[in-house]
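This report sets out the secondary structure, sheet pairing and internal spaces of one protein chain. The sequence and the model are shown below.

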Amino acid sequence: MSDTSFDLIVIGGGPGGYVAAIRAAQLGLKTAVVEREHLGGICLNWGCIPTKALLRSAEVFRNMKHAESYGLSAGGIGFDLSKVVARSRGVAGQLQAGVKHLLKKNKVTVFDGQGKLEGQGKVSVAKDGKPVASLAAKHIILATGARARALPGLEPDGKLVWTYREAMVPDVMPKRLLVVGSGAIGIEFASFYNALGADVTVVEVLDRVLPVEDAEISAFAQKSFEKQGMKIRTKATVKNLTKTANEVTVTVEAGGKSESITVDRVILAVGIVGNVENLGLENTKVVVEKTHVVINEWTATAEPGVYAIGDLAGPPWLAHKASHEGVICVEKIAGLKDVHPLNTRNIPGCTYCHPQIASVGLTEAKAKELGYDVKVGRFPFIGNGKAIALGETEGLVKTVFDAKTGELLGAHMVGAEVTELIQGYMVAKTLETTEADLMNGIFPHPTLSEMMHESVLDAYGRAIHF
């Protein structure tokens, strides 16, 4: 075992950990990252990135099937599932190599193994149960992320009952699929498999799909999903699961009635639990609540010199939130004066299904619940020239303002490319712009972004094109 001293040690090399490490190195801190599996973490290797590659294949396939509507012809349209998966894995591999290069470029030392706290300022690293190194640092950031939650009686088996990992590298294309959970992960997989021809049923325990989104956007999305052939069961729970060699029969209960659904595969997408095990937390003052580490506004735990970021530290469970927390953490450690705590109302969320969903800030219902008198604007894709030219007329842009001050409280979108458009509203919220600023802005024509302008105008009775 070798003794190595650093200014900062980051346990976990995901989008929170590696970004924190690079920013720390930029600020002159001697930094190490301890990663037990893959640099880039779940997001890059088994989450955000490879799923977007899968969904892109589904999008191209969907467009090919509708070639005639664009004046084009295409015959013999099909797909090779193994090649679709291989492309996705290749994209992840390329980006993982990029992260490795960035860490090397910034002179961050990387240790391959499991990191564990061994007393104040000390971290041990082990691989396959064998010691690798004994490290020391004044500051230690925990960025170990999270994993899929399993429900009693619905434990994944890797063959018939999948988590996101198996769903990302399927060995067969299921003809019938049940997705348990309609958050971003569940809906994205439902969208992918539905586009490739699977008979998809989605079960959601709450009263609507995508329950964290604005209710109006949720309802719009559900109608679109059902139009595409998905079966949606809300306010429903999975009560029983019976397996045979190649299929699963699931009992779904809703409204006091039971329904048996037989499928080839089940995907579990019912949330996550933090990776708090085997970190040595039991010998520290670190507080863990519901599998997540409790932190203050600067990401510090109750243990001096120990911080936590990303999924390990609680919602929202988003890669960009983890990265931003990592930057806040190390800039505070480095003593920068212009550091600001994370404002979760300014964190955009995106779901890359078809149609796409994106939002930032308060929903209309939440704004009213908090006591705001609101003005709400809407603009449909059907009223936008670029959307019509693209053949993507299904969608809606919705904005919520404080009627008294003109503050943009929230923005919610469903439709083509809204995951790219939402950053405009994020910038507006971050800069604390008002409705007047947004109305006076000049949006380029013809673009989808014009709908953002029109939605703002509509909130104040000034929409031009609808």
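## Hairpins of strands 4, 5 and 6

In this predicted model, L117 stands opposite V123 of strand 5. The pairing to which these residues belong joins strand 4 (residues 114-117) and strand 5 (residues 122-127), which run antiparallel and share 4 bridges. The hairpin formed by strand 4 and strand 5 has 4 residues between the strands, and G119 there adopts a positive phi near 110°.

Strand 5 also pairs with strand 6 (residues 130-142), again in the antiparallel sense, over 6 bridges. V123 has L135 as its bridge partner in strand 6, while in strand 5 V123 stands opposite L117. Between strand 5 and strand 6 the hairpin has 2 residues, and D128 takes a positive phi near 55°.

## The parallel sheet and helix 6

Five strands form an open sheet with parallel pairing, in the order 8-15-9-10-11. Strand 8 (161-162) and strand 11 (231-233) each have a single partner strand and stand at the edges, so one side of each is left without a neighbour in the sheet. Within this sheet, strand 9 (residues 176-180) and strand 10 (residues 199-203) run parallel and are joined by 5 bridges. L178 stands opposite T201 of strand 10.

Helix 6 (residues 184-195) lies across strand 8, strand 9, strand 10 and strand 15 (265-268). The angle between helix 6 and strand 10 is about 165°.

## The antiparallel sheet of strands 12 to 14

A further open sheet consists of 3 strands in the order 12-13-14, with antiparallel pairing. Its edge strands are strand 12 (236-243) and strand 14 (257-263), each of which pairs on one side only. From one strand to the next, the twist averages 25°.

Strand 12 and strand 13 (residues 248-254) run antiparallel and are joined by 7 bridges. T237 has E253 as its bridge partner in strand 13. The loop between strand 11 and strand 12 contains K235. K235 has a phi near 50°, a positive value in a residue other than glycine.

## Cavity

The structure holds 1 cavity of 30 Å³ or more, and the volume of the largest cavity is about 30 Å³. Its lining is made up of T51, L54, L55, E188, F189 and F192. Helix 3 (48-65) and helix 6 each contribute at least two residues to this lining. By class, the lining residues of the largest cavity comprise 4 nonpolar, 1 polar and 1 charged.

## Second largest pocket

The second largest pocket encloses about 430 Å³ of space. It is lined by 18 residues, of which R62, H66, Q228, H354 and E392 are the closest to its centre. The lining of this pocket divides into 4 nonpolar, 9 polar and 5 charged residues.

Helix 3, helix 6 and helix 7 (215-227) each supply at least two residues of the lining of the second largest pocket. Helix 3 gives the most, with 3 residues. Helix 3 and helix 6 also each supply at least two residues of the lining of the largest cavity.

## Cis peptide bonds

P315 and P316 are joined by a cis peptide bond with omega of about -5°. P316 is found in the loop between strand 19 (306-308) and helix 8 (319-333).

The peptide bond from H445 to P446 is likewise cis, with omega near -5°. P446 is placed in the loop between helix 12 (435-440) and helix 13 (450-459).

## Overall architecture

The protein chain has 13 helices and 24 strands. Its radius of gyration is 24 Å, close to the 23 Å that the globule rule gives for 466 residues, so the chain is as compact as a globular protein of that length. Taken along the principal axes, the C-alpha atoms fill a box of roughly 65 × 60 × 50 Å.

Note on methods. Residues are numbered from 1 along each chain as its sequence is written. This is a predicted model: local features need pLDDT of at least 70, side-chain atom pairs count only at pLDDT 80 or more; totals for chains, interfaces and linings use all residues. Side-chain values use heavy atoms; hydrogens and water are left out. Two strands pair if DSSP finds at least two bridges between them. Contact means heavy atoms within 4.5 Å. Axes are lines fitted to C-alpha atoms, for helices over the stretch in contact, and angles run from 0 to 180 degrees between N-to-C directions. On a 1 Å grid over the protein atoms alone, a cavity is a set of points where a 1.4 Å probe fits but cannot get out, and a pocket is an open set with protein on both sides within 12 Å along at least five of seven lines; lining residues have an atom within 4 Å of a point. Grid points are joined across faces, edges and corners, and a volume is the space filled by probe spheres set on the points. Ala, Val, Leu, Ile, Met, Phe, Trp, Tyr, Cys and Pro count as nonpolar, Asp, Glu, Lys and Arg as charged, and the others, Gly among them, as polar. The radius of gyration is taken over C-alpha atoms; the globule rule is 2.2 Å times the number of residues to the power 0.38.
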